[in-house]
Amino acid sequence: MTSNLLWVSFLLAALTLSITFSLQPDQPKVLLVSFDGFRWDYLYRVPTPHFHHVKEYGVHVKQVTNIFITKTYPNHYTLITGLFAENHGIVANDMFDPVLNKSFSLDNMNIYDSEFWEEATPIWITNQRAGHTSGAAMWPGTDVKIHKSFPTYYMPYNESVSFEERVAKIIEWFTSKEPINLGLLYWEEPDDMGHLLGPDSPLMGPVISDIDQRLGYLIRMLKKAKLWNVLNLIITSDHGMTQCSEERIIELDQYLDKDHYTLIDKSPVAAILPKEGRFDEVYEALAHAHPNLTVYKKEEIPDRWHYKHNSRIQPILAVADEGWYILRNKSDDFLLGNHGYDNALAEMHPMFLAHGPAFRKNFTKEAMNSTDLYPLLCHLLNITAVPHNGSLRNVQDLLSSPTPRASPYTQSPPLLHGSVKPRENEQEEPYAYFIGVSLGSIIVIVFLIIFIKHLIRSQIPALPDFQAEISQPLLQA
Ligand SMILES: *[C@@H]1O[C@H](CO)[C@@H](O)[C@H](O)[C@H]1NC(C)=O
Ligand SMILES: *[C@@H]1O[C@H](CO)[C@@H](O)[C@H](O)[C@H]1NC(C)=O
Ligand SMILES: *[C@@H]1O[C@H](CO)[C@@H](O)[C@H](O)[C@H]1NC(C)=O
Ligand SMILES: *[C@@H]1O[C@H](CO)[C@@H](O)[C@H](O)[C@H]1NC(C)=O
Ligand SMILES: *[C@@H]1O[C@H](CO)[C@@H](O)[C@H](O)[C@H]1NC(C)=O
Ligand SMILES: *[C@@H]1O[C@H](CO)[C@@H](O)[C@H](O)[C@H]1NC(C)=O
Ligand SMILES: *[C@@H]1O[C@H](CO)[C@@H](O)[C@H](O)[C@H]1NC(C)=O
Ligand SMILES: *[C@@H]1O[C@H](CO)[C@@H](O)[C@H](O)[C@H]1NC(C)=O
Ligand SMILES: [Zn+2]
């Protein structure tokens, strides 16, 4: 009798398991993609059907306020730490730290010194400390050893590696035996062409179309790997781009003696380190030099930039008006497009789209701060965020299940999942559901057969091998 009861409970357990299995997605997965220098309004410059597909079946934020300075390294570090530049320490693409007496420069990829990165803890480290695995394809900083570790999987930075190869790695990591739950994917365009052509150039149209094609490729590969409907995809960028002109150049050599200062970071935010005893001279010479250059002593830098409290911020900061270019003289490099300007300027803002089971569908939000992405990522990954400058509350309306502390999976009842998903008319979803249900049914049928066998023999059951381990303790009990 007891033995029969045990079999019945087994059957019930199997039934419950199969239902749970068929309705609950596994480990929450997040893929964060950055298309460098993709200004928010590029979405409307030319037809971008793949971006619009994501928008219609996911969420879109119209204005994302990124951080000052609106450069690549500072903003990419903010996206995965939630901190302002003065707090994460990557205050520019070119830096000098007077305490370390060391330089950091993007120009010669002199960026591998851990000490520059360790004022913050990027999300892949927190994710790995929580027992998960992460994978990064060229995301800035992911091939630097930070706090003694790398992402579980990463690619050493090499700009010649194609987009397709980067996507292939991401897919491989998400589908491996021990899959990653966090993927980071970076692509250099449309930033490079934006600098070269200037964002106003009609030649930017094809460049933007090309990015849309690449997004299409990524979506196709995710669908092929059966990841499209189970993965939370976030597509964003670090900054926008504005048109420059040789008619809007500010030449420092016209105002400053070369021997009185070191230029640490260039246009459009000049970070100036005066030589010993030359501070007043340099400051006075520059303060009213040009109507389109605003010059700050470090302590006067506006609070809203959160760009003051760090030894890597130099004693004098000269910020150009939008579209103006700072050079020492005309032999310095000049580019037709640039960024780095005040983060309040719309042209400096990136785009933001997301798609996946955790996100609402066809939902547009007016504005967010880029510091809020980090707590959102932590929420999606179900990991505890380290201190940061964002707030999940500001962005939880993007979520299909907006309860702050709980996971979107445990919160929404199974039936809701069923009714929300088919709205997106794609194939993988019913397929995954079908597999779940069939597997569940097979388990139930197998148990039924064993149960009937057992009844017929009513002896010590001959169990198939794969159950031996599970049933042994129960039979003894
Ligand atoms: C800083 O480093 C440079 C070499 O990079 C060296 O010449 C200089 O003496 C160092 N300064 C201090 C204060 O250690
Ligand atoms: C960078 O990638 C290209 C293309 O895959 C390859 O030919 C080249 O050897 C790589 N460079 C380095 C330094 O690994
Ligand atoms: C540059 O300065 C002039 C004179 O103050 C001003 O009229 C103009 O608006 C400034 N340009 C920008 C882009 O702010
Ligand atoms: C322009 O500035 C660079 C760097 O300070 C200097 O080497 C060069 O001689 C300058 N050129 C002219 C024409 O002054
Ligand atoms: C998304 O919303 C727009 C406007 O609200 C509507 O025209 C469109 O049909 C919606 N798309 C989907 C797939 O629900
Ligand atoms: C961005 O952050 C500022 C300062 O914390 C806050 O006042 C503002 O409301 C935030 N904006 C959005 C859209 O959440
Ligand atoms: C979230 O993490 C906690 C432990 O930190 C765990 O108990 C819970 O099951 C996780 N939720 C999901 C949906 O994975
Ligand atoms: C940003 O976050 C850091 C870390 O929690 C904190 O030290 C700093 O005061 C915050 N900045 C602002 C302006 O709240
Ligand atoms: Zn960039």
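These are my notebook entries on a predicted model, starting with the chain as a whole and moving on to the zinc ion and one histidine.

**The chain.** I began with the overall counts and found 14 helices and 18 strands in the secondary structure. Of the 477 residues, 54% count as buried, and the accessible surface comes to about 21600 Å², with 56% of that belonging to carbon and sulfur atoms. I also looked up the contacts between residues at least 6 apart in sequence, and 72% of them join residues at least 24 apart.

**The zinc ion.** Which protein atoms serve as donors of the zinc ion (ligand 9)? I noted two entries for Asp36 (OD), together with Thr72 (OG1), Asp238 (OD) and His239 (NE2), lying 2.0 to 2.7 Å from the ion. Along the chain these donors follow the spacing D-x35-T-x165-D-H. Aspartate 36 sits in the loop between strand E1 (29–35) and helix H2 (49–56), while aspartate 238 sits in the loop between strand E8 (231–236) and strand E9 (242–243), so the pair ties together parts that are 202 residues apart in sequence. I checked the burial of both aspartates, and aspartate 36 and aspartate 238 are each buried.

**Histidine 339.** I then turned to histidine 339, which I located in the loop between strand E16 (337–338) and strand E17 (352–355). Is histidine 339 buried or exposed? Its relative accessible area is 2%, so I recorded histidine 339 as buried. A polar atom of its side chain lies 2.8 Å from the backbone oxygen of threonine 70, and a polar contact of 3.3 Å joins the side chains of histidine 339 and aspartate 191. Leaving aside residues up to four places away in sequence, I listed what histidine 339 touches, including the zinc donors Thr72 and His239, as well as His195, Pro268 and Met348.

Note on methods:
Residues numbered from 1 in each chain as written. Chains lettered and ligands numbered in written order. Predicted model: local features only at pLDDT ≥ 70, side-chain atom pairs only at ≥ 80, totals over all residues. Heavy atoms only, no water. Donors = N, O, S within 2.8 Å, 3.2 Å for Na, K, Ca; no water. Helix = DSSP H or I, 4+ residues; strand = E, 2+ residues; numbered from the N terminus. Buried < 20%, exposed > 50% of the residue type's maximum accessible area, 1.4 Å probe, protein only. Polar contact = N/O pair within 3.5 Å; in protein donor to acceptor, adjacent residues only side chain to side chain. Contact = heavy atoms within 4.5 Å. Areas by Shrake-Rupley, 256 points an atom, 1.4 Å probe, with all protein chains shown as cover.
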